[in-house]
Amino acid sequence: MIRNYFMTAIRHLRKNKGYSFINIFGLAVGMAVALLIGLWVRHEISYDAFNIHKAQIARIRKKTLFNGQKHVQNGVMLPLYDELKNNYPEVQYITRLDWGDSHSLLTGDKKISKKGHFADPDILKIFTFPLIKGNVDKVLKDTYSIVLTESLARALFGKADPMGRTIKMDNQSNLVVTGVLKDIPENSSITFDFLVPYTLNIATSDFVKGAQQQWQNNFLQNYVQLKEGTNMDAFSSRIADIVRKKTNDKKEGLLFLHPMEKWHLFSHFDEWENTGGAIEYVRMFSIVGLLVLIIACINFMNLSTARSERRAREVGIRKAIGSQRRQLIAQFLGEAVITAFIAFLISLLMVKLALPLLKDAGFKDVELNLTNLPLLGVALAGCIITGLLAGSYPALYLSAFKPVKVLKGAFSPGKGASLPRKILVVVQFSCSVALIIGVIIVFQQIQHARNRPLGYDPNNLIGISLSSDLQKNYLPMKRDLLATDYVAAVSKSSSPMTGIYNNWGGFSWAGMDPGSSPVFSAIMVDYDYEKATGLSLKEGRFFSRQFATDSNAVVLNEAAVKLMGFKHPMGETVKFNDEKMTVIGVARNVLQDDPFKPVEPAIMLFRPYFVFQGLIRLKDGIDVRKAMTAIQPVVEKYNPAYPFDYKFTDEEFNNKFQSEQQAGKLSGIFAALAIFISCLGLFGLASFMAERRTREIGVRKVLGASVPQLWLLLSKEFILLVVISCLIASPLAWYFMHGWLLKYDYRISISPLVFASTAVLAIVITLVTVSFQAIKAAVSSPVKSLRTD
């Protein structure tokens, strides 16, 4: 019997090639989208899952109150490490970690720059980063040791054994290789190419060395693994007020634990509450994948039930010779599952072909491994469920036919039979229209943030990291760069133009609220900063060599002037702890941090000795390639231990929109596929309707109906359904997208034009899809159509 059902299904697919193609191809596209999203979701939720003790691992973070706003920061203070390690027995392992900068590594004739962390020995006990060579208890014990990843060891030493070899880091410290790690998984929140002991950071940095007893200097990270049985929430409450006790300052921030299981998916905080993060995109794309798959299933349902008359006699005969309804349901469900399985095989090919094309859209580390049996089993189960879902309504509908009516020729589906199909079309297009509206709003929000005033000119601006050698030789390097005829200005700063590295309290001024604790973005700069950045002043001047008093001067941004309440800021005195400084200028607000948030109050100070970021402004209209060819040897001359590494500021600014751009790009692709699948279904229904009304069209033509009239007759029903879909989709899309926009401080207002333009687009697409079959039927010869009937 099963063989009979299988052969019947195959014959049915071969007999109706056109409709079979629409069903199979539509399902294949829907499954491919669902499979792609499923693979991406699987990758996202797998972050840090490889860590054996993930349930006991947490990052220590700090709740702060800046200028009346609640924030959460990763940075904590250096003495916290010893406090937790020595006085809190619940802590099994703890490590300090810097922010993972790039460092120069030199051995023999090899010179490369790689990302590394200063860390404590416990890091390899907390995280599951397996050692290939070396002893986990010894590799980071010596201050002048280094642990490499397998890839870095190969890059530096080839096939030779790296153990015991010497590497010079940052042209300062000679380090001995004591261990080799397996490469860090791509789905790890912490990534690096090498580790060196944190004690080396203390030994080589005067800043770090001087911060060992500073409880209000937050510049590093702390990670802990708690002992088995320790309640993380209870321990988090226990350590909350450590800083307040140590500093005797009730305004200090509160410490808390952020569990590893929330690092990737729940990284965002709002008003100190853990509100979301990547989980929002996981949920959004999961819904999108499900909607696209449902749209593909609706195609199958509609085309199967629309052609019910073609299968009515078959059902009647089977019932007349004794077939039970459950057997017919099993047959039709079997046909649907076979169709779905064929579509599934095609979808696997589609996914394999699509993954390389989606690398820049968040699929860089996503792969389809067909040898992964659990994954393949889940995908196959999804295929079967899809087949059963798509075939359920047609199976119940077709198996309910009465054999007496069918065999007497009295069977007619009637007008009521088309109602479920119309509802399904409305559902289908409502989903597609809602997706299109969402895509438009996402792109509008991105452009809105991109086009906001930056306060500086990011074009032709290059940023370089100033190593110790470049800091020592800054003035001769600046002189030589200006002599190339490609460089307009050179300066340096404590922060790049696309980030803020320092937030300081301790500022005061006349008229300040004594109960407030304001925090400012502190930017230390050198001469010519405004020339290099293109920063514009609202009033006053910038730091100049002509004024010896500028070492005690500050430049405020507009947000700082507003916070301080200065009506005439020029000449006002601002104190930093006990140091008095005079306001000499007010700069326009410069957008350096989050492009979706307001610009924070900022103070620029003349501190040329506390800067690590070089800024090089290229002249307008020059050949950038030639300029870089001229700049590189100058920088390498004064920085021989480092490879020439630079970043264009405009590209770094664009990187701030990466997650939103990826979401928009993927949403656009999936929305286009959703509308394509919907149009496939419409095309099939229009073809069936034209075929079913062949005689009516012939009669109307004989009676004088024109081609436009017949076209309208066949098209108006579909247009009406799409209009209804737009009316349903618009408020739903507004509700969800309005909620999405609320997470951005700097956001658009949703315009009614978005809904109107989407509706027009949907109607045009519908007309284009339906018109081919409608016009084809309308121009056919009435003699042929009447003779055929």
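Here is a short conversation about how some features of this predicted model are called.

Modeller: A word on the ground rules: this is a predicted model, where local features need pLDDT of at least 70 and side-chain atom pairs pLDDT 80 or more, while totals for chains, interfaces and linings use all residues. Residues are numbered from 1 along each chain as its sequence is written, and side-chain values use heavy atoms, with hydrogens and water left out.

Biologist: Happy with that! What makes Q428 count as buried?

Modeller: Buried means under 20% relative accessible area, exposed over 50% and partly exposed in between (1.4 Å probe, protein chains only). Q428 has a relative accessible area of 1%, so it is buried. Of the 789 residues of the protein, 49% count as buried.

Biologist: Where does Q428 lie, and which residues is Q428 in contact with beyond four places in sequence?

Modeller: Q428 lies in helix α15, residues 418-450; helices are DSSP runs (H or I, at least four residues) numbered from the N terminus. Contact means heavy atoms within 4.5 Å, and outside its neighbours within four places, Q428 touches I295, I298, N299, I677 and S678 in that sense.

Biologist: Now to α17: which of its residues are buried, and why are they said to line one face of the helix?

Modeller: In α17 (residues 474-482), Y474, M477, K478, D480 and L481 are buried. Seen down the axis, they fall within an arc of 165°, so they line one face; the arc is that of the directions from the helix axis to the C-beta atoms. On the other side, L475 and R479 are exposed.

Biologist: What do the buried residues of α17 pack against?

Modeller: Their partners include β16 (461-465), α16 (468-472) and α20 (624-638).

Conventions:
Helices (H or I, at least four residues) and strands (E, at least two) are DSSP runs, numbered from the N terminus.
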